[in-house]
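Me: I'd like a close look at a single part of this model, picked for how it packs against what surrounds it. Take your time and go residue by residue where that helps.

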Amino acid sequence: DYAYGPLRFPGLFQRTYPRYIRYSMPSRYVAGRSELVHDTIRANHKALGNKDLIPWLTAGTYGDMPPHKIEQMVLETLLNGAGGITYYKFDNFTDSPFDFYYQASALAMLRPYEDLILDATLLEQKGSNQELFYSGMQKGPELLLLVGNYLNAAEECEYEFPWDALHELKDLRSGESLSPARKLRFQVPKGDFRLFYAKAAN
């Protein structure tokens, strides 16, 4: 049901889910403020304990935004435990063809790792820069790591992966294979994000 979930209506939701209500569907019409999408989706996922979570996003309702913000919001949604996405409303996408481009860009980066996302658990570990937003999913020896600098914080960060050694490390935006070191030092430009795939060594 619209804007319905365990955080906004906890008592009512507990009485009706999952017998009468199948999904939590919080609305996030936040004019491209990706940090709010991060916080809401993550909190709803933890309250549910599963991926019965399909939030409402938008390409412009209650505030126009640059099209690249859609890419950030889609990634924050799917890498913080949502099971899907829906939108209000369609004609917000008619302002610019880049609205569709950035949605497709986010999904294209995640497509090779669909099985990982479906069965993974929420990544809890953060990096050295506490002002950045850390999201991701981990399943066995693999993980996806999304790091957002949505509030224009300092750009430097170090992240230590939870394994003794890595077999593979990849920057999913550039497609570049990186040196598979356990500690990854990188920068996240202000207002932007970085997205990595990592796999442990045997």
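**Helix H3 and its surroundings**

Reply: H3 and H4 make a right-handed crossing (right-handed if the near helix is turned clockwise from the far one by less than a right angle, left-handed if anticlockwise). Their axes come within 7 Å and cross at roughly 35° (lines fitted to C-alpha atoms, for helices over the stretch in contact, with angles from 0 to 180 degrees between N-to-C directions). On the H3 side, the contact (heavy atoms within 4.5 Å) is made by His-68, Ile-70, Glu-71, Val-74, Leu-75 and Leu-78. H4 answers with a list that includes Tyr-102, Ala-106, Leu-107, Met-109 and Leu-110.

Before going on, some ground rules. This is a predicted model: local features need pLDDT of at least 70 and side-chain atom pairs count only at pLDDT 80 or more, while totals for chains, interfaces and linings use all residues. Residues are numbered from 1 along each chain as its sequence is written, and side-chain values use heavy atoms, leaving out hydrogens and water. Helices (H or I, at least four residues) and strands (E, at least two) are DSSP runs, numbered from the N terminus.

H3 has a second helix partner in H2: the two pack at about 15°, their axes 9 Å apart. That makes them roughly parallel (under 35 degrees; over 145 is roughly antiparallel, 65 to 115 roughly perpendicular, the rest oblique). This crossing is right-handed as well. Here Ser-34, Val-37, His-38 and Ile-41 of H2 meet Lys-69, Gln-72, Met-73, Glu-76 and Thr-77 of H3.

Now for how covered the helix is: 10 of the 11 residues in H3 are buried (under 20% relative accessible area; exposed is over 50%, partly exposed in between, with a 1.4 Å probe and protein chains only). Polar and charged side chains are on that list too, among them Lys-69, Glu-71, Gln-72 and Glu-76.

Then there's the nonpolar core (buried Ala, Val, Leu, Ile, Met, Phe, Trp, Tyr and Cys residues joined through side-chain atoms within 4.5 Å). The largest one has 37 residues, and Leu-75, Leu-79, Leu-110, Leu-144 and Leu-195 have the most contacts inside it. Helices H2, H3, H4 and H5 each give it two or more residues, as do strands E4, E5 and E9. H3 supplies the largest share, five residues. A separate core of 19 residues includes Leu-123, Val-147, Trp-163 and Phe-196. Leu-144, for its part, touches Leu-79, Leu-110 and Leu-116, among others, leaving out residues up to four places away in sequence.

Just past the helix, have a look at Asn-80, in the loop between H3 and strand E2. Its relative accessible area is 0%, so Asn-80 is buried. Its side chain reaches back to H3: a polar atom there lies 2.9 Å from the backbone oxygen of Glu-76. The Asn-80 side chain also makes a 3.5 Å polar contact with that of His-38 (N or O atoms within 3.5 Å; within protein, one able to donate a hydrogen and the other to accept it, and residues adjacent in sequence count only if both atoms are side-chain atoms). Beyond four places in sequence, Asn-80 is in contact with His-38, Ile-41, Arg-42, His-45, Leu-122 and Ser-135.

On the other side of H3, Tyr-62 sits in the loop between strand E1 and H3. Its phi is positive, near 65°. Tyr-62 is exposed, at 69% relative accessibility.
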